[in-house]
Amino acid sequence: MTATLAPLLELVARDPALAAAVAAVGTERSYDLVGPEGLRPMVTAVLAAKAPVLAVVATGREADELVEALGGVLDSASVALFPSWETLPHERLSPRADTVGRRMAVLRRLAHPEEGAADGQPPLRVVVSPVRSVLQPTLRGLGEIAPVRLAVGERADLEEITDRLAALAYTRV
């Protein structure tokens, strides 16, 4: 059994400064809220109860820590990490395939929450991203690319799958 801090959210939400921030969601262009770093997961969770949140943090490590901490106050399936590439734009290297896949999965869930619901996943309430990831270019429409899904016991046409993977920039080797 995992411990959850979710019951504390109601208590934290009563704080006047946080209540004012929640009230400003959707009406204010920006709102500054200053507090101890340890409150970051609670504040994010309270805000996520009103509207989806993009939480931008300084580093990948901070992003990982916030995602983990949010799992203690929210359904962890409603929180996603949008990782940054390990490469810089001027380098002639491609980001790792798993990083690209994780980014595309987040974009797909944002664009098509109904697919996640069909798989039993709640809609994303919080996307946590290092600032570097937010600054990296993202092509429009990536969330519209349907994933290739193969399941044990199901039949698939090899040529069709090969063509689809080639269209998604995989190389046959």
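In the predicted model, serine 78 is buried, its relative accessible area being 5%; this value falls under the 20% cut-off, and the residue is therefore classed as buried. Serine 78 is placed in the loop that runs between helix H4 (60–70) and strand E2 (79–81). A polar atom of the serine 78 side chain lies 2.7 Å from the backbone oxygen of aspartate 75. When residues up to four places away in sequence are not counted, serine 78 touches Pro122, Pro123, Leu124, Arg125 and Val126.

Glycine 38 also has its place in a loop, between helix H2 (16–24) and helix H3 (40–48). In contrast to the buried serine 78, glycine 38 is exposed, because its relative accessibility of 62% is over the 50% cut-off. The C-alpha atom of glycine 38 is separated by 9.8 Å from that of leucine 66, although the two residues are 28 residues apart along the chain. Leucine 66 falls within the range of H4 (60–70), the helix that precedes the loop of serine 78.

Helix H3, which follows the loop of glycine 38, is mostly covered, with seven of its nine residues buried. The buried residues of H3 are Pro41, Met42, Val43, Thr44, Ala45, Val46 and Ala48. Their packing partners are helix H1 (8–13), H2, strand E1 (53–57), H4 and strand E3 (126–130). H2 and H3 thus flank the loop that holds glycine 38 and are also in contact through the buried residues of H3. Val126, one of the residues touched by serine 78, lies at the start of the range of E3 (126–130), a strand against which the buried residues of H3 pack.

Terms used:
Residues numbered from 1 in each chain as written. Predicted model: local features only at pLDDT ≥ 70, side-chain atom pairs only at ≥ 80, totals over all residues. Heavy atoms only, no water. Helix = DSSP H or I, 4+ residues; strand = E, 2+ residues; numbered from the N terminus. Buried < 20%, exposed > 50% of the residue type's maximum accessible area, 1.4 Å probe, protein only. Polar contact = N/O pair within 3.5 Å; in protein donor to acceptor, adjacent residues only side chain to side chain. Contact = heavy atoms within 4.5 Å.
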